[in-house]
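Please open the model in your viewer and keep the selection panel at hand. The tour moves from one selection to the next and says what is to be found at each stop.

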Amino acid sequence: MSTIPLLVCDDSNMARKQLIRALPSNWPFQVSQATNGLEGLEAMRQGLGQIVLLDLTMPELDGFGVLAKLREEGLQADVIVVSGDVQEEAVRRAKALGAKAFIKKPADPMQLAEALNALGIDIPLNSTPIAPTAAFSDLPNVSFRDAFREITNIAMGRAAELLGRVLGVFIQLPIPNVNILEVGELHMALADAQRGERLSAICQGYIGGGVAGEALLVFHDAEINDVAKLLNTQEDESAKLEMLLDLASIIIGACLNGLSEQLNINLSQGHPLVLGQHCPIEDLIRINQRRWKRTLAVEISYSLEDMDIHFDLLLLFTEDSVPRLREKLDFMID
């Protein structure tokens, strides 16, 4: 069997490393890597992607854009989407644009082998993937930040799938930001992002397996009425507040469950609480400044397609949680 050029296109070092490791060992792949959609397209133009393992959420050009460009330019490639965005609409759109298969992250080696087999090149389904040798491209180095960003990306994708079903809309996913911030820096980041707006915020604590923190979900008051209309919620304040608490429970719960599953820990979740309602971000910070010290902060923003509605989610892990998270991620990386 001749060498098969295979391209792994994903902005996450961890995701690329996991995918390369999951490849069946008895296929004669020549593996190349791309860190965004534009790099991936250029690699395919150079003939490096007879088979492409493609992420959807990437900078520069996302996976949907790559698929559209492939069709526009008439480039020949068998594309298998491997994504944390598992919304039914994401799967439908990817396949409508020409993807041969869709695998949710993190990719199961057996599912990946089945998807590769379906391309028409037979390999034994009981083959065991092994760590790539020199026949594969060099495995990328994975930092703590990159690894944590990747598992967060997967967790937020699962939360988006549930939120999309509840609201009946397609949720647009960003690339999450992961930073370790001093409390003052966190306050400045919050203030810069939300300056001049009135907000309502819901908080939910979590703890387990040596990890603890708070999830903060921020709603923009100007958009709450539009969300209420989507859910046919009554106009009175108590009904809207109950709606916000329900949405917070859905979004935060699904995201934390996704993290728990990947890290193999059990995070117990408290009840969602109202931190502030109809207040400027400065008041929210002043009221809660003693709660937030040095922290690992993950910022996620969910946007509803074709609507001026978005939810801002902050996962705030305590400083004491970071060593345990490093230990868990090091195990996953290696």
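**First stop: an aromatic cluster**

Select F144, F148, Y206 and F317, which together form one aromatic cluster; bear in mind throughout that this is a predicted model. The structure holds five aromatic pairs. Within the cluster, begin with F148 and F317, whose ring centres lie 5.4 Å apart and whose planes stand at 90°, so the pair is edge-to-face. This pair links distant parts of the chain, since F148 belongs to helix 6 (residues 144-167) and F317 to strand 13 (residues 310-318), 169 residues apart. Are F148 and F317 buried or exposed? Both F148 and F317 are buried.

Keep F317 selected and add Y206, with which F317 forms another aromatic pair that is edge-to-face, at 5.4 Å from centre to centre and with 65° between the planes. Here, too, distant parts of the chain are linked, Y206 sitting in strand 8 (residues 198-208) and F317 in strand 13, 111 residues apart. Y206 is buried, as is F317.

**Second stop: charges over rings**

Stay with the cluster member F144 and display R326, the charged end of which sits over the ring of F144 at 4.3 Å from its centre. Then select R93 together with F170, where R93 lies over the face of the F170 ring, 4.2 Å from the ring centre.

**Third stop: helix 5**

Now select helix 5, which runs over residues 109-117, and colour L112, A113, A115, L116 and N117, the residues of this helix that are buried. Which elements cover the buried residues of helix 5? The cover includes helix 1 (13-22) and strand 2 (29-34), as well as strand 3 (51-54), strand 4 (78-83) and strand 5 (101-104). At the start of helix 5, show the side chain of D108, one oxygen of which reaches to within 3.0 Å of the backbone nitrogen of M110.

**Last stop: the whole protein**

Finally, clear the selection and return to the whole chain, in which there are eleven helices and 13 strands. Of the 334 residues of the protein, 53% count as buried. If you draw the contacts with a separation of 6 or more, residues 24 or more positions apart account for 74% of them. Should you switch to a surface view, the protein exposes about 14,800 Å², of which carbon and sulfur atoms supply 49%.

Note on methods: Residues numbered from 1 in each chain as written. Predicted model: local features only at pLDDT ≥ 70, side-chain atom pairs only at ≥ 80, totals over all residues. Heavy atoms only, no water. Phe/Tyr/Trp six-rings, centres within 6.5 Å; stacked < 30°, edge-to-face > 60°. Helix = DSSP H or I, 4+ residues; strand = E, 2+ residues; numbered from the N terminus. Buried < 20%, exposed > 50% of the residue type's maximum accessible area, 1.4 Å probe, protein only. Lys NZ or Arg CZ within 6 Å of the ring centre and 35° of its normal. Contact = heavy atoms within 4.5 Å. Polar contact = N/O pair within 3.5 Å; in protein donor to acceptor, adjacent residues only side chain to side chain. Areas by Shrake-Rupley, 256 points an atom, 1.4 Å probe, with all protein chains shown as cover.
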